[in-house]
Amino acid sequence: MGNLLLFSLIISLAVAVILVPFSKIDGKDAGLQRLAALLMTMLVVIIIVVFYYLSNLDRNFSSLWFFAILVTATGAFFSFGKEQIVKAFLFVASLILGCYFILAPLFNAEEKYQLSQMNEKVEIEVFDEDVTPASVPPQFARNKMRKAFGQVPNTSYYELGSLQIQKVNGAYVYVAPVEFSGLFKWWKGNMTPGYFRLSATDSSANPTFIEAEMMYTPSSYFQKNIYRHIRNQYPQRIFKGSAQLEIDENGNPYYIRTYGEFISARNGFEPSGIVSVNPKTGETLSYTLEEAPAFIDGAVSPEAVSLKNSYYGKYVNGFWNSLFGKSGVRLPSDEGTEANVSPIFAGNGDMYYFTDFTSPKEGVDSMLGYSITNARTGEATFYTGNQQKSYMDSAGALQIIEKKFIEKQWQGKMPILYNFYGEASWLTPVLDLNGFLQNYFIISAANPEISVYADTPNQALKKYKTALQRGGTSVDGTSKAEEKQLAGTVLRVYKENNEDQTIVSFLLNNRQNYMISSQTEPLAIYLREGDEVQLTYLETGEAFLPVKELVIVGLE
């Protein structure tokens, strides 16, 4: 608060000098002049303090550019002679500065694009089907936490705060703080009692309330408000995004917020670090992104990533092209769960933000690529997808799901693109009107007619593999599936006709089942009991292992 008063006093003295006319005043009016200057200073101090306290704006002098235009214009109007010339010059200078700030987006588009550059690749790695993806949708998780709110002491004082996904002790979980439900509840309660935790991979899990008192929170008031507390500690820092709750390996909560720099003229944003606050004691620490503690998964805020995605997609050929012509423009989708991006976890446990890009042309649901951004470092990779295929975007996938369950009025939420068995595929949880999870839907991005749904992601994956083979798509396995060769004798054969292909399932003398499509190996339709075969397959650990190559001895 002291910093705010000092900042306001400095600004007020400057304003008083500009507003109070010093020319054409007789000596007998000097007292009135000093009184006017004093009153003007006090009034401006009050205005500045109230404005910055309520807005929580950064306390840099550049934030006063609009105020400077008004003050210098007023000062020039009421002054005379040489004093008026000086103050008119200040007005012109402040007006030029204001125009620079306003017009900055016209000139820094190229700089924004260069700062948002991403590494480009074709496809993400094949997903390991032995791993359960963090696929519980946040709407469903929030719904379950609300129903478990009876675990919270003095329930009427509180409400559920913002949901965050993170990795705690190797498990992917949702956490949500308990927040005050109003000013008077904060006045009586003073501290919130803790937070909820729920598995992000197991839809049957129940929320657990963790006791952890927090005084500095987003729903607290005055100096205990987390945003105002951070601003008081770092008055000149530029922040982007909401304060997020992060839990360390011992279950202790911390609020973090991403800070950075303007790209130019108080416009744009480039993240450079985080501020961490112990919500019980108010202890505040600052880290660069490289120094962030290991337990923090989302050092770069979703809002900062979403902004970077928009720079990369819009300004590829400059600002004016983003409005007219739109050559090469790719628009980030708005289907993400947090600020138009969706948090996902890689096989190594690192958190990333996913976003797909689509065409700016109306009525087109073709995907033009997708980005994966590391949530700790901000480093991003843009995947173009197979250029020989046309991929459906997330909006198109959601439309197909909606049409599939149109009678039940179920809807897909949180679509994420995975590489399942070498096929770009949308995995989407499906919720009913009450927000309850009904199933998981997988649909091929390149071949939307291939789709399955099941009660769990892993069950859907198994059905999807069969659907891909029935649809004539090659199955390349998973990132950890080992390719093996084997020779054996066929004990049993089962053939299933499916339009223009045949799915051949067979049992070898090693008591293991295998499966291959006639489109993968046309001669497989001649397979019969007693045949000697040589095959190449993928060790996926499933009941029916996918075969990539099959040789029937005597028919080669």
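1. Start with the hairpin of strand 20 and strand 21, which leaves 5 residues between the strands. In that hairpin, look for Gly 435: this glycine takes a positive phi near 85 degrees. Keep in mind while you look that this is a predicted model.

2. Now follow the two strands themselves. Strand 20 covers residues 423-431 and is joined to strand 21 by 7 bridges, with the two running antiparallel. If you want one pair to find on screen, try Thr 428, which stands opposite Phe 441 in strand 21.

3. What does strand 21 do on its way to strand 22? The two form another hairpin, with 6 residues between them. Strand 22 spans residues 451-454, and 4 bridges tie it to strand 21, again in an antiparallel arrangement. Here the pair to look for is Ile 442 and its bridge partner in strand 22, Val 452.

4. So is strand 21 buried or exposed? Of its 8 residues (437-444), 7 are buried, so the rest of the structure largely encloses this strand. Buried here means under 20% relative accessible area. As background, side chains in a regular strand alternate between the two faces of the sheet.

5. Next, two residues worth clicking on for their backbone angles. Ala 339 is not a glycine, yet its phi is positive, at about 50 degrees. You'll find Ala 339 in the loop between strand 12 (331-332) and strand 13 (342-345). Its relative accessibility is 32%, so Ala 339 counts as partly exposed.

6. Met 414 is the other one: a residue other than glycine with a positive phi, near 55 degrees. Met 414 also sits in a loop, between strand 18 (411-412) and strand 19 (416-420). How accessible is Met 414? Its relative accessibility is just 7%, so Met 414 counts as buried.

7. Time to zoom out. The protein chain has 12 helices and 27 strands. Its radius of gyration is 31 Å, well over the 24 Å that the globule rule gives for 556 residues, so the chain is more spread out than a compact globule. You can see that in the box its C-alpha atoms fill, roughly 120 × 60 × 45 Å along the principal axes.

8. Even so, 52% of the 556 residues count as buried. Among contacts with a separation of 6 or more, 57% link residues 24 or more positions apart.

9. Last, the surface and the charges. The chain exposes about 26,400 Å², and carbon and sulfur atoms supply 54% of that. There are 46 positive and 56 negative charges, and their mean positions lie 9 Å apart.

Definitions and conventions
Residues are numbered from 1 along each chain as its sequence is written. This is a predicted model: local features need pLDDT of at least 70, side-chain atom pairs count only at pLDDT 80 or more; totals for chains, interfaces and linings use all residues. Side-chain values use heavy atoms; hydrogens and water are left out. Helices (H or I, at least four residues) and strands (E, at least two) are DSSP runs, numbered from the N terminus. The radius of gyration is taken over C-alpha atoms; the globule rule is 2.2 Å times the number of residues to the power 0.38. Buried means under 20% relative accessible area, exposed over 50%, partly exposed in between (1.4 Å probe, protein chains only). Contact means heavy atoms within 4.5 Å. Accessible areas come from the Shrake-Rupley method with a 1.4 Å probe; for residues, only the protein chains shown count as cover. Lys and Arg count as positive and Asp and Glu as negative; His and the chain ends are not counted. The place of a charge is taken as NZ of Lys, CZ of Arg, CG of Asp or CD of Glu. Two strands pair if DSSP finds at least two bridges between them.
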